[in-house]
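Please open the model in a viewer and keep the selection panel at hand. The tour below proceeds from one selection to the next.

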Amino acid sequence: MKMVNLTINNVKVSVEENTTILKAAKKFNMNIPTLCYYEDLDIKSDCRVCVVEVEGKKGLVSSCSTPVVEGMVVNTNSPRVLNARKTIVELILSNHDTNCTTCVKNLRCELQTLARTLGIDENRFPSVFEKCEIDEGNPSIQRNPNLCIKCGRCVDVCNNVQGTSVLAILGRGHNVKVSAVFDEKLSDNFCTFCGQCASVCPVGAITEKDDTDIVWRALTDPKKHVIVQVAPAVRVSLGEEVGQKVGTIVTGKMVAAMKILGFDQVFDTDFAADLTIIEEGNELIQRVTNGGVLPMMTSCCPGWINYAETRYPDILDHISSCKSPQQMFGALAKSYYPKKTGIDPKDIFVVSVMPCTAKKYEAKREEMRVDENSPDVDAVLTTRELGKMIKQMGIDFENLDEKPFDSPFGITTGAAAIFGTTGGVMEAAIRTVYEVVNKKPLEGLDFKELRGLKGIKEAEINLGGKMVKVAVAHTLSMAKILCDQVRNGTSPYAFIEIMTCLGGCIGGGGQPYGTSNTVRQERINSTYSLDASMSLRKSHENPEVIALYKDYLKEPLGKLSHHLLHTHYHDRSSKV
Amino acid sequence: MILKEILQKYPKKDDQLIEILLDYQSAKSNHYISKEEIIEIADYLGIPESKVCSVLSFYTFFSVKPRGKHIIQVCKDVPCYVSSNIDILKIIETELGILVNETTPNQQFTLEFTSCLGCCDVGPVMRINDKIYTHLTADKIKAILSEYRVNM
Amino acid sequence: MNEMKLISKRFGKINPLSIDEYIKFDGYKNLKKALSMEKIEIIDEVQKSYLRGRGGAGFPTSIKMMGLAKESNKEKFIICNADEGEPGNFKDRYLMENDPHQIIEGMIIVAFATGGTKGIIYVRGEYQKSISLLKWSIDEARKFGYLGKNILGSKFSFDIEVRSGAGSYVCGEEFALIESLEGKPGRTRVKPPFPTQSGINNKPTLINNVETFSTIPTIIEIGGANFSKIGTPSSTGTKLISLSGNVKHKGVFEIPFGVSIRDVIYELGGGIENDRKIKLVQLGGACGPIIPEYMLDMIIDFDRFEEFESKTGAGAIIVIDERFDIFTILLKVVRFFQHESCGKCTPCREGHIQLGNLIEKFIERKAMMQDIVSLESLARVIHQASLCGLGQTSPTAIISSLRYFRDDYIDRIEHPKRG
């Protein structure tokens, strides 16, 4: 690699060619403030906060987008630069609702931090901000245009990473705004509610719809028996919300914290993930042996289901009829659990903690009700909302004693643990399907080719002497490639796993802020280390799952299973 | 019907979007693109509707709300401003009984501002649909408008 | 003082609809000559001519041509920027309406020299007459074998398409123009890469102004060396000037660089209507500096204009007499840019509205000394930190007014509105 010599703030440095000034400066511990810049996303150079002075150039240049050149002399902190930066942030603030103390992003807002860093004690420019309507028309995502600073991150994610193109920049000049198509609400617009926009928003303009109040109300209601399930991807990310290092596994402390919050029982969605593998695995075997519709596609991810129902209604019969683990758990919590405990289902309040915003929408679906009068899952919290509740309660997370999950939904396997990462559902399914079909133990449980952040991954497995191809896609733009093959009848696969978010649930729209590919990889590593550390690593070996079938469900794909654990999908592609 | 005919003239390439929108909008007597039409155009070109919406909202020629049969655009920039001592806009507003960015109740006229029309040597100017009227005076404006009214 | 008509020589002399008349008046003669030359010879002549872009920035045309020529891509675009939207500028319209074939001939020569395969003329949507004339002329040129496959029996093929803008000033900025041609909103891209490396559809693209292309046939005709003798050392050749405002004779005039602004106004423009006094003159258009009467002896020259921290080569002169209030003029300028800003970068998106509000304070006589400081500081930040040419040049009028009309500002502060 060719090296380039330059001077930054009078320090002579040498960096690889094509490095940007921003990265070069960072490498030598000179931090240039940024705002629209977000690791792994397109460089937009819109906010102009990262401008620096380059000798010989009349204007200032944005360091995020300008590559270094030999002999370049850069000043990142000249009076001219500092004044420009300050003015730019003042201008942003002049068109922003600055009621910071009542903002959901207070103390974790990138704009607020920047204003503080630059020492903006007063704004020379009078406010020109005009109040607009907040979009609260869906269960998942709230969009508050009054806080939007037009950095373009959300539009980039929605259009380029997900390919969903729901968010757009409308208008021009001072009237530019980020909006859903036709300037309508998200709910009118094929939004998959993946929440990736919320996850990259530097301010409070796009956030999950906050359900913590509903949960607090239930927790303080003496008549309610409040139970909670926690998704696999939460235990490797919640730590970031409570001051731990990225990738820290916090399972035991998390359970303990939730007990302190007042949940009567703390269960593990991993249990339902194991159950999903039994049902979905058997569905796959049935489709393969009975000449059913192939390839079969996974159904755990609600963002993907929203995507398929709105964009690919013609391939819905490819999607497994299995409910997602969240909803399998919900159905059991409102049927099997009351039967076992004698508690009136009407008094049971089911909360999920999910890495996901689309799960909030999923829980509200009409199909997801054992009793048509109330949803199986009453409230869904994101990882961030759980973190918020832990802070509200003043819990000293770090010094908690670890606690185990409660029975009867507490024992889990390594197969379920990896559900939260791209390729994990597929790997878990193979571990079971292989052994069920081939009637012999699988040698080597790790499917390395299905792991990692590559957009589309493939593997081949031997099922009953026949080599079968499977594929895994994450992000909806990658999913689109596989969906088009299915639509055209050219898909070479028997089974396809799709997760909406980059990296899978560990990169979900409800996960702690600051998710980048580096962070994703850390969470993924923790996930696989959890799997490796577990004594049970195959879903069909989960004793609680075996007991559930024995006591209650009787057999996979049986009558009761169909009633409780399976669902159906709807064509929602009509736009007018 | 007519949109389909217009679409067929253009290759299914996303760089044709602006040309299609201009062509179709001027063919419509109310000079706007509806939601249904946005969907149809996006579908034809194989692009997301959000892209069509972004384009429509960026360029001043386009409207997503119905406008009058005749769109009157008045230049508001410096060369036209110093070329005359009459208030062109006010005269038209009074004459039509509407304010800028409004449409007459009979859907005949919409009044808008425009940026410089590049006719600074013959200002003040206004544009009605594709035709530019120069050296405007109060009398001239009245005469032009009554001509449009006669031809209704 | 008289005009020097090199590229406006056919104005009013030929019927622009008639290719025959163009050919009779030396038309397409220089294309034939160019086709007989080596490609590098043509670029060489342009280099010797020191021709600088006529759209405003004044970038040497030969450097762009060399940049495109050395790209090895099979497809290369030659784009003529006819998105003339700067208030006070109308010379490109004159070129298109009076001599469309001269533009086409210039584009074909540049394409031949650089390996261009496809030409596009991007005309602002407001110029319907220009659009139809160009479309007609391109058809004619094709019929005569000047465009299309194997031009004039050579191995060289090239064709031109006319595309219309849809109401956006910023699309005159080269990357905004490219985005617009790709069917998107006109928002600029991050540079590098530059258009000659990666432009429309990521293919190498050369973009020149209408007047630049119109000048090419003349350079081939008289030779680069002779061309460079016209004008001044830093600004060679002739320039079309759009003269407007309160002068007796408005219009487009062709002058050699180096002529004074006073001569243009008084000798070509016949002086001020009713012999009033001049309050101010804006040079280049809305994005240009504002100067007082006593500076009119400055000459028209790229380098001289750059002293205003602005690139103002488009060649507009807007004369405003003593009846008008400078702050009303400045407000119109600022509101123009506020309306035309694409909204992508912060200084331009949020800055213009604040500039306008500050100017309004002076109009209403509510300003204080601190407002001058704020105005100056903000104008400079927009100028220095904006992403594209729009924001980088839009505050020029304000910055120059603070220099040359400071007394007007002070006067407003010292004489506040009572009550």
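A residue is taken as buried if 20 or more other C-beta atoms lie within 10 Å of its own, and as exposed if 12 or fewer do. The model is a predicted one.

**Stop 1: a covered helix in chain A**

Select residues 325–333 of chain A, which form helix 11; nine of its nine residues are buried. They run from A:Pro325, A:Gln326 and A:Gln327 through A:Met328, A:Phe329 and A:Gly330 to A:Ala331, A:Leu332 and A:Ala333. Which elements should be displayed to see what covers these buried residues? Among them are strand 10 (225–230), strand 13 (348–354), helix 9 (269–289), helix 12 (336–341), helix 13 (358–363) and helix 20 (559–565), which belong to chain A.

**Stop 2: from strand 13 to strand 14**

Keep strand 13 and helix 13 of chain A in view and add strand 14 of chain A; together they make a right-handed β-α-β unit. The two strands, 13 and 14, pair in the parallel sense over four bridges. At one position of this pairing, A:Met354 stands opposite A:Thr382 of strand 14.

Now show the side chains of strand 14 (residues 379–382). In a regular strand the side chains alternate between the two faces of the sheet. Here A:Ala379 and A:Leu381 point one way, A:Val380 and A:Thr382 point the other way, and all are buried.

**Stop 3: a four-stranded sheet**

Turn next to an open sheet of chain A with four strands in the order 12-17-16-15 and mixed pairing. Why is one side of strand 12 (296–297) and of strand 15 (456–463) left without a neighbour in the sheet? Both strands stand at the edges, each with a single partner strand, so one side of each has no neighbour in the sheet. Strand 15 and strand 16 (residues 466–474) of chain A run antiparallel and are joined by eight bridges. To locate one position of the pairing, select A:Lys457, whose bridge partner in strand 16 is A:Val472.

**Stop 4: backbone exceptions**

Most residues other than glycine have a negative phi, and most peptide bonds are trans. Four positions merit a closer look in this respect.

- A:Asn9 has a positive phi, near 50 degrees. A:Asn9 lies in the loop between strand 1 (3–8) and strand 2 (11–16) of chain A, and counts as partly exposed because it has 15 C-beta neighbours inside 10 Å.
- A:Phe193 also has a positive phi, of about 60 degrees. Its loop lies between strand 8 (177–180) and helix 5 of chain A. A:Phe193 is buried, with 28 other C-beta atoms within 10 Å.
- The peptide bond from A:Ser407 to A:Pro408 is cis, with omega near 15 degrees. A:Pro408 is in the loop between helix 14 (383–392) and helix 15 (414–417) of chain A.
- The peptide bond from C:Lys191 to C:Pro192 is cis, with omega near -10 degrees. C:Pro192 is in the loop between helix 8 (174–181) and strand 4 (205–209) of chain C.

**Stop 5: the domains of chain A**

Colour chain A by its domains: domain 1 (3–90), domain 2 (141–209) and domain 3 (213–565). The C-alpha centres of domain 2 and domain 3 of chain A lie 27 Å apart. Across their boundary, 15 residues of domain 2 are in contact with 24 residues of domain 3. On the domain 2 side, helix 5 (residues 196–200) gives the largest share, three residues. That side divides into six nonpolar, seven polar and two charged residues.

**Stop 6: chain B and its partners**

Display chain B, which has seven helices and four strands, arranged along the sequence as α-α-α-α-β-α-α-β-β-β-α. Of its 152 residues, 41% count as buried. The domain assignment of chain B gives domain 1 (2–58) and domain 2 (70–150), with C-alpha centres 28 Å apart.

Between chain A and chain B, 11 residues of each chain are in contact with the other. The chain A side divides into seven nonpolar, two polar and two charged residues. Where chain B meets chain C, 27 residues of chain B are in contact with 40 residues of chain C. Helix 2 (17–27), helix 4 (49–58) and helix 5 (78–82) of chain B each give two or more residues to this side. By class, the chain B side has 16 nonpolar, five polar and six charged residues.

**Stop 7: the nonpolar core**

Finish in chain C with C:Ile108 and C:Ile317, the residues with the most contacts inside the largest nonpolar core, which has 341 residues. Leaving aside neighbours within four places in sequence, C:Ile317 is in contact with C:Ile241, C:Leu243, C:Ile261, C:Val264, C:Ile265, C:Val281 and C:Leu283.

Technical notes
Residues are numbered from 1 along each chain as its sequence is written. Chains are lettered from A and ligands numbered from 1 in the order in which they are written. This is a predicted model: local features need pLDDT of at least 70, side-chain atom pairs count only at pLDDT 80 or more; totals for chains, interfaces and linings use all residues. Two residues are in contact if their C-beta atoms, placed from the backbone, lie within 7 Å. Domain bounds come from an automatic or database domain assignment. Ala, Val, Leu, Ile, Met, Phe, Trp, Tyr, Cys and Pro count as nonpolar, Asp, Glu, Lys and Arg as charged, and the others, Gly among them, as polar. Two strands pair if DSSP finds at least two bridges between them. A nonpolar core is a set of buried Ala, Val, Leu, Ile, Met, Phe, Trp, Tyr and Cys residues joined through C-beta atoms within 7 Å. A crossover is right-handed if, with the strands pointing away from the viewer, the path from the first strand over the helix to the second runs clockwise.
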